[in-house]
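Here are my notes on the model you sent over, point by point. I start with the DNA and come to the protein pair afterwards.

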Number of protein chains: 2
Amino acid sequence: MPESIPLDGYDTRILAELQADARISMAELGRRVHLSQPAATERVRKLEAAGVISGYRATVDLGALGYGIRAIVRVARAEYARIVKLIKETPEVINAFNVTGEDSWILEIAVIDVPHLDAVVTRFCLLAETSTSIILNAPREHQVMLPPRAEDVKPPIRKITNA
Amino acid sequence: MPESIPLDGYDTRILAELQADARISMAELGRRVHLSQPAATERVRKLEAAGVISGYRATVDLGALGYGIRAIVRVARAEYARIVKLIKETPEVINAFNVTGEDSWILEIAVIDVPHLDAVVTRFCLLAETSTSIILNAPREHQVMLPPRAEDVKPPIRKITNA
DNA sequence: GATGAAAGGACTAAACC
DNA sequence: GGTTTAGTCCTTTCATC
C-alpha cells in the first residue's frame, strides 16, 4: 500500500474535480484540468493505484429515501467486540468511529421516525450507556479534501548529527 | 424538490450498485441489475431528477493525502453565526453537524499531525467550549443506504372519523 | 421495458517531442 | 513527463416492437 506519493498541481485539480463529480469522462476531466485525455487517464490510474483515490460512490438523499431523522449516538462503557458486532448488524449506522475519551464510540445513524430511532437506540442501550443527539442541519458535508497546504506542514526537526 | 417517489426492486439495486461504484457505465449497470441499458439509464435519470441520487463523488484516502489524524470535535455554548462562519473558513472540517443537546455542534476534522490538530482546535476554543476525541478506527464508513425495509416502516395510526 | 441501428464520443496504444 | 494521432470499442440516442 504505497502512500504519500508526490502530488503536483495537476493531481490536486484532478482530485478536486473527481470529488465534485465522479462520473465525468476522462476526456472531460482532461479539458477541465488542461491535460490531454490520455494524460488525465494515466494520472487517475496512478492515483487509484497509490490508494489516494479509494473509490467512487453515489450520494443519496436520505430524506428522499424515507429517512426522516439523522442522529449522532455517543456510546460509553461498551465492550468492544459486542459493539462492533452490533454495528455490523445494524444497517441504520452510516458511520461508526471508535474514538479516544470518555465516549468510546460515536455513531451516525439514519432512521425513519421517532419510533424507529427508539428501536435502534434501544439496541445499543442494552450494551452500553448512550447519548443521542438529533442532527438539525449540516452546514458542511463531504468537504472536498486536497493535499495539505504547505504552510500547514511543519517540517520535522532535523536531528543533530556528527557529520 | 420531489420526494418519496415509489422505488421498486430495480431502483434499490441500482442505488446499491452506484453507491458501491459510481463510475460503472450504464451498460454495465444494466447487466448487473438485469435491465437493458436504456432502461437502466432512464431509471438513473429519474432518480437524479427526483433528488434521490444527489451526486457522485470520489473518495480519497486521507492518510495517503498526508492527513495523519482524524478527530471528532464537540462544541458547546457557541454563538451560532460565528461558529458557522468559522466552519466555512476551516478546510480541515470534513463534516459539521448542528445537533440537539448540550453540545450543539459535532465536527469531523482531518489534520496532518498533533501541532496541526492543536492549531485547528484552538480556533474553535476561542469561540466556544470544545471537547476533542481522536478517531482510532472506523469499523463502518459510508454505509450503503437503501430504502427502509418494510418492517421498519410503521404505518401512521388512522384517525377516527365520522364517515 | 426490450431490441436494433446509427452517430457520437471515449478509451487504448503507438509514435513523437 | 506530455501530446497527438489513429483505431477500436463503447455508450448513448432514437425508433420500433
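1. Start with Gln37(B): an N or O atom in its side chain is 3.2 Å from a phosphate oxygen of DNA strand D. Keep in mind while you look at such distances that this is a predicted model. Two further side chains reach the backbone of that strand. Arg43(A) places a polar side-chain atom 2.5 Å from a phosphate oxygen of DNA strand D, and Ser25(B) also has a polar side-chain atom 2.5 Å from a phosphate oxygen there.

2. Which elements give two or more residues to the surface near DNA strand D? They are helix H3 (37-49) of chain A, plus helix H2 (26-33) and helix H3 (37-49) of chain B. H3(A) gives the most, with four residues.

3. The full set of residues around DNA strand D draws on both chains. From chain A come Leu35(A), Ser36(A), Pro38(A), Ala39(A), Arg43(A) and Lys46(A), while chain B brings Ser25(B), Met26(B), Ala27(B), Gln37(B) and Pro38(B). Of the strand D atoms that come within 4 Å of the protein, 71% belong to sugar and phosphate. By residue type, this surface divides into six nonpolar, three polar and two charged.

4. Now DNA strand C. Around it sit Ser25(A), Met26(A), Ala27(A), Arg31(A), Gln37(A), Pro38(A) and Thr41(A) from one chain, and Leu35(B), Ser36(B), Pro38(B), Ala39(B) and Arg43(B) from the other. Helix H2 (26-33) and H3 of chain A, together with H3 of chain B, each supply at least two residues here. The residues of this surface divide into six nonpolar, four polar and two charged.

5. How far are the polar side-chain atoms from the phosphates of strand C? For Ser36(B), a polar side-chain atom lies 2.6 Å from a phosphate oxygen of DNA strand C, and for Arg43(B) the distance to a phosphate oxygen is 2.6 Å. Ser25(A) has a polar side-chain atom 3.2 Å from a phosphate oxygen of that strand. Among the strand C atoms within 4 Å of the protein, sugar or phosphate makes up 68%, and the rest belong to bases.

6. On annotation: the unreviewed UniProt entry places the feature "domain: HTH asnC-type" at residues 7-68 of chain A. In the model, that span is 60% helix and 13% strand, and its end C-alpha atoms lie 41 Å apart.

7. Next, the protein pair. Chain B superposes on chain A by a rotation of 180° with 0.0 Å of shift along the axis, at an RMSD of 0.0 Å. The two copies are thus related as by a two-fold rotation axis. Both copies use the same surface, since 100% of the contact residues of chain B recur in chain A.

8. Last, the interface itself. Each chain puts residues into the contact: 73 from chain B and 73 from chain A. About 6700 Å² is buried between chain B and chain A, and carbon and sulfur atoms give 54% of that area. On the chain B side, Arg23(B), Arg57(B) and Arg140(B) lose the most area to chain A, together 12% of what that side buries.

Technical notes:
Residues are numbered from 1 along each chain as its sequence is written. Chains are lettered from A and ligands numbered from 1 in the order in which they are written. This is a predicted model: local features need pLDDT of at least 70, side-chain atom pairs count only at pLDDT 80 or more; totals for chains, interfaces and linings use all residues. Side-chain values use heavy atoms; hydrogens and water are left out. Copies are superposed by least squares on the C-alpha atoms of residues with pLDDT of at least 70 in both. Contact means heavy atoms within 4.5 Å. UniProt positions are given in the numbering used here, feature names are shortened, and annotations may be inferred rather than shown by experiment. A residue is near a molecule or strand if one of its heavy atoms lies within 4 Å of it. A polar contact is a pair of N or O atoms within 3.5 Å; within protein, one must be able to donate a hydrogen and the other to accept it, and residues adjacent in sequence count only if both atoms are side-chain atoms. Ala, Val, Leu, Ile, Met, Phe, Trp, Tyr, Cys and Pro count as nonpolar, Asp, Glu, Lys and Arg as charged, and the others, Gly among them, as polar. Buried area is the accessible area (1.4 Å probe) that two parts lose on being put together, summed over both.
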